[in-house]
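Reader: Hi, I'm new to looking at proteins. Could you take one part of this one and walk me through it slowly?

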Amino acid sequence: NAARHAGARGVEVTILAVDGRITAEVRDDGTGFARAEGAADTAGNGLRNMQARAREVGGRLTIESGPGRGTVVRVEAPL
């Protein structure tokens, strides 16, 4: 998705497990996108679905993006 939709040339994936919680982060250098503050629910279906899945397991999905800044998608959840 980062290459196809955002034209990213680089993607970094980080997964950490600390104190019974897991954090997975995908960071790209693509075009980014404008969105309302903290509103994953106003993004495309893929982001909405990821947010719903994170909630189902007691976790939280955050998205940081902006035009020309790339995108960071992070999920934090209990192990």
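Author: Sure, let's start with strand E1, residues 11-18, which gives three residues to the nonpolar patch, the most of any element (strands, E, are DSSP runs of at least two residues and helices, H or I, of at least four, numbered from the N terminus). This is a predicted model, where local features need pLDDT of at least 70, side-chain atom pairs count only at pLDDT 80 or more, and totals for chains, interfaces and linings use all residues. Residues are numbered from 1 along each chain as its sequence is written, and side-chain values use heavy atoms, leaving out hydrogens and water.

The patch covers about 370 Å² of surface, and its members are Val11, Val13, Ile15 and Val26. To join a patch like this, nonpolar side chains (Val, Leu, Ile, Met, Phe, Trp, Tyr) must lie within 5 Å, on residues with over 30% relative accessible area and no salt bridge (a Lys or Arg side-chain nitrogen within 4 Å of an Asp or Glu carboxyl oxygen). Areas come from the Shrake-Rupley method with a 1.4 Å probe, and for residues only the protein chains shown count as cover.

Now zoom in on Val13, which sits in strand E1. Val13 counts as exposed because its relative accessible area is 57%, and the cut-offs are over 50% for exposed, under 20% for buried, and partly exposed in between.

Follow the chain on to Asp19, in the loop between E1 and strand E2 (21-28). Asp19 isn't a glycine, yet its phi is positive, about 50°. Asp19 is exposed too, because its relative accessibility is 77%.

Key: Patches are made of residues with over 30% relative accessible area and no salt bridge: like charges are joined within 9 Å, nonpolar side chains (Val, Leu, Ile, Met, Phe, Trp, Tyr) within 5 Å. Buried means under 20% relative accessible area, exposed over 50%, partly exposed in between (1.4 Å probe, protein chains only).
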